[in-house]
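Work through the following exercises on the model shown below. Each task is followed by a solution in steps.

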Amino acid sequence: MSVVGDPVAPPAPMPGRRLAGPRFRPGEVAFRWLLFCCLAIGIVFLAVLMIYILVEAWPRLDSRLWTNFPSIRHPEEAGARSAIFGTIWVIAFTALFCLPTGIMAAIYLEEYADPDRWYNRLIELNIQNLAAVPSIIYGILGLGLLARQLALGTTVLTASLTLSLLVLPVVIISSREAIRAVPQSIRQASLALGATRWQTVRRQVLPAAVPGIATGSILALSRAIGEAAPLIMLGAVTYVAFNPEGLQSAYTVLPVQIYGWISQSREEFHHLAAAAIVILLGLLLLMNATAIWLRNHYSKRW
């Protein structure tokens, strides 16, 4: 007879039967190893590429690279100063044109647009399709519409507007995902306390969505900084011996300058191209590290 409060012994297993345990599944183990091998292959190839680029670039990784202008006849004294400053000009104005437009479009589509309206569904469909359009198509669009029809020419302004169109769908999609990740209870609590919809978006939703918006925006600009095909269509020449001085100035950027140096036959230009690739990779890694820091610093767990 058992007394209340005494521990109850677990039932004894029936004779001839074994307790069920974790089953060995060969398919799951094989799939896990397949994923690990794919990751290892990607890391190995990236490491080999980085080592090869560093070895090729080592003879020209000095101050001449960012203090001297390009030279056709004297590659030992040539540098990428105009390409570095041109890249900074183009990406800065790309961010100025693209980020406010993309973030405001994401706010409208996620917070104000009625999904049952046919034109809102058409806008969302077009944004998703434009995100997959090849970059050369944007170069043709910028050449035909901006450079020729609007008579903007092959300037920093034309390049910035073209790259803004290129990365705008990515900014909109990533910003919408960040805004959508904010719990509905935050919005409902703000509205219940008497705040308007805009006050709720501005004071509650946007601050909570900053990590995702910043990460998506920086990654979109990282794509823009490495694009060469649309800028070649826009006439970003490889030999520019001056820094841009305004939106109407001629320019060149690092990807186009690298393309021009690689196409040369002399070995010295190939070392220059490798050194410029190191600078471009450094800028990309810095931007990606900034995105990771912003995401980790401002992220919230709901």
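**Exercise 1.** Determine which salt bridges Arg176 forms with Glu110 and Glu124, and which parts of the chain they tie together.

*Solution.* Apply the criterion that a side-chain nitrogen of Lys or Arg lies within 4 Å of a carboxyl oxygen of Asp or Glu. The side chains of Arg176 and Glu110 satisfy it, with an N to O distance of 3.1 Å. Arg176 lies in helix H6 and Glu110 in helix H3, so this pair ties together parts that are 66 residues apart in sequence. Helices here are DSSP runs (H or I, at least four residues), numbered from the N terminus.

Next, Arg176 also pairs with Glu124, the closest N and O atoms being 3.3 Å apart. Because Glu124 belongs to helix H4 (residues 118-130) and Arg176 to H6, the parts tied together are 52 residues apart in sequence.

The model is predicted: local features need pLDDT of at least 70, side-chain atom pairs count only at pLDDT 80 or more, and totals for chains, interfaces and linings use all residues. Residues are numbered from 1 along each chain as its sequence is written, and side-chain values use heavy atoms, with hydrogens and water left out.

**Exercise 2.** Classify Arg176, Glu110 and Glu124 as buried, partly exposed or exposed.

*Solution.* The classes are buried (under 20% relative accessible area), exposed (over 50%) and partly exposed in between, with a 1.4 Å probe and protein chains only. Arg176, at 12%, is buried. Glu110 is partly exposed at 21%, and Glu124 is partly exposed at 22%.

**Exercise 3.** Describe the pair Arg223 and Glu227, then the network of shared partners.

*Solution.* The side chains of Arg223 and Glu227 meet in a salt bridge of 3.5 Å, N to O. Arg223 is partly exposed at 29%, whereas Glu227 is buried at 12%. Elsewhere, salt bridges with shared partners join Glu110, Glu124, Arg176, Glu177 and Arg180 into one network. The count of salt bridges comes to nine.

**Exercise 4.** Where is Ala151 found, and what is its phi?

*Solution.* Ala151 is in the loop between H5 and H6. Its phi is positive, about 60°, although Ala151 is not a glycine. Most residues other than glycine have a negative phi. At 64% relative accessibility, Ala151 is exposed.

Definitions and conventions:
Helices (H or I, at least four residues) and strands (E, at least two) are DSSP runs, numbered from the N terminus.
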